[in-house]
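Biologist: I am new to reading protein models. Could you walk me through one, step by step?

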Amino acid sequence: KLAEKGTIKQNETIHQGEHCIEVQIPFLQFIYQKQLEKIKILPILISSDIDLNKLALDLKETIMDEKLNVTFIVSSDFTHFGPDFHYVPFSTNVKKQIFDLDGGAIDLIKKKDSEGLFNYVNKTFATICGALPILLLLKTINPKKISLEQYYTSGDVLNSYRNSVSYASIIFS
C-alpha cells in the first residue's frame with residue numbers, strides 16, 4: 001500500500017547488502033518470542049534523492065488508512081571516527097570530541113528538530129549512516145517524549161579511539 005503512493009518502490013534486491021534488519025531481528029525475536037507469527041516487518045532503505053516530507057506523509061496516510069498499529073525501529077550507528085572510516089576531523093581530545101559531535105546530533109533529535117539535524121550533519125559531515133531514516137522518523141511521528149537510553153562508543157569498550165564507532169539508543173514515546 002505504501003509503494004502504491006509512488007514515493008518509494010518495492011525492490012527486494014536492494015536489501016541484499018544491508019545489515020540493519022539483521023541487527024534488530026534478534027531483539028524482536030527475544031521480546032516477541034511467544035508471538036513470532038505476529039511480527040510483520042516493512043524494511044525501508046532511504047536514498048538521498050527521496051522526498052522525506054512526501055514519504056513521511058505517505059507513511060502517516062498508509063498507517064491511518066490501513067488502521068495499523070506500528071512500531072518504528074531506525075537502525076543507525078553514529079560517528080564512525082578514524083582512518084579506517086576516512087573521517088578524522090580532529091586529532092586531540094578525541095573521546096570528548098566524538099562525544100560532543102554525537103551529542104550535538106542527539107540534542108537535535110531530542111528537540112525533534114529535523115531541519116536542524118539535517119543542517120548539522122551537512123555542516124559537520126557527521127558520519128551517521130542512518131541520518132536520513134532518523135530525519136524521516138522525526139518528520140513522521142510526534143512523540144511526547146524522547147529519551148536517550150544509552151550512549152557509548154567502541155572506543156569506550158576497547159579503550160582505544162584510533163578507530164571508533166558510536167552507538168545511541170533513543171526511545172520515542
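Modeller: We will go from the whole chain to one helix and then to a few single residues. Please keep in mind that this is a predicted model.

Biologist: Happy to start there. How many helices and strands does the chain have, and in what pattern do they follow along the sequence?

Modeller: The chain holds 6 helices and 3 strands. Going along the sequence, the pattern reads α-α-β-α-α-α-β-α-β.

Biologist: And the overall shape? What does the radius of gyration say about the chain?

Modeller: One compares the value with that expected for a compact globule. For 173 residues that would be near 16 Å, and this chain has 17 Å, which agrees. The C-alpha atoms fill a box of roughly 50 × 35 × 35 Å along the principal axes.

Biologist: What share of the residues is buried, and what does the surface consist of?

Modeller: Of the 173 residues, 36% are buried. The accessible surface is about 11,600 Å², and carbon and sulfur atoms account for 54% of that area. As for charge, there are 19 positive and 20 negative side chains, with the centres of the two sets 6 Å apart.

Biologist: How are contacts spread along the sequence?

Modeller: Take the contacts between residues at least 6 apart in sequence: 66% of these join residues at least 24 apart.

Biologist: Now a single helix, please. Which residues of helix 4 are buried, and where do they lie around the axis?

Modeller: First the general idea. An α-helix has 3.6 residues a turn, so residues three or four places apart point the same way. In helix 4, residues 114-124, the buried residues are S114, G116, L117, Y120, V121 and T124. Viewed down the helix axis, these buried residues fall within an arc of 155°, so they line one face of helix 4.

Biologist: What do the buried residues of helix 4 pack against?

Modeller: Their partners are helix 3 (94-110) and helix 5 (131-140). S114 is a good example to look at, as a residue of helix 4. It counts as buried because its relative accessibility is 12%, and the cut-off for buried is under 20%. Leaving aside residues up to four places away in sequence, S114 touches L135, L138 and K139.

Biologist: What should I look for in the backbone angles?

Modeller: Look at the sign of phi, and at which residue carries it. K67 is not a glycine, yet its phi is positive, near 55°. You will find K67 in the loop between helix 2 (52-65) and strand 1 (80-81). H86, also not a glycine, has a positive phi of about 55°, and this residue sits in the loop between strand 1 and helix 3. F125, which follows helix 4, has a positive phi near 60°.

Biologist: Are K67 and H86 buried or exposed?

Modeller: Exposed means over 50% relative accessible area. K67 counts as exposed at 73%, and H86 is exposed at 75%.

Biologist: One last residue: where is R162, and what does it touch?

Modeller: R162 lies in the loop between helix 6 (154-158) and strand 3 (164-172). With 53% relative accessibility, R162 counts as exposed. Residues up to four places away in sequence aside, R162 touches F81, G82, P83 and D84. By contrast, E149 is 13 residues from R162 in sequence, and their C-alpha atoms are 25 Å apart.

Notes: Residues numbered from 1 in each chain as written. Predicted model: local features only at pLDDT ≥ 70, side-chain atom pairs only at ≥ 80, totals over all residues. Heavy atoms only, no water. Helix = DSSP H or I, 4+ residues; strand = E, 2+ residues; numbered from the N terminus. Rg over C-alpha atoms; globule rule 2.2 N^0.38 Å. Buried < 20%, exposed > 50% of the residue type's maximum accessible area, 1.4 Å probe, protein only. Contact = heavy atoms within 4.5 Å. Areas by Shrake-Rupley, 256 points an atom, 1.4 Å probe, with all protein chains shown as cover. Lys, Arg positive; Asp, Glu negative; His and termini not counted. Charge placed at Lys NZ, Arg CZ, Asp CG, Glu CD. Arc of directions from axis to C-beta.
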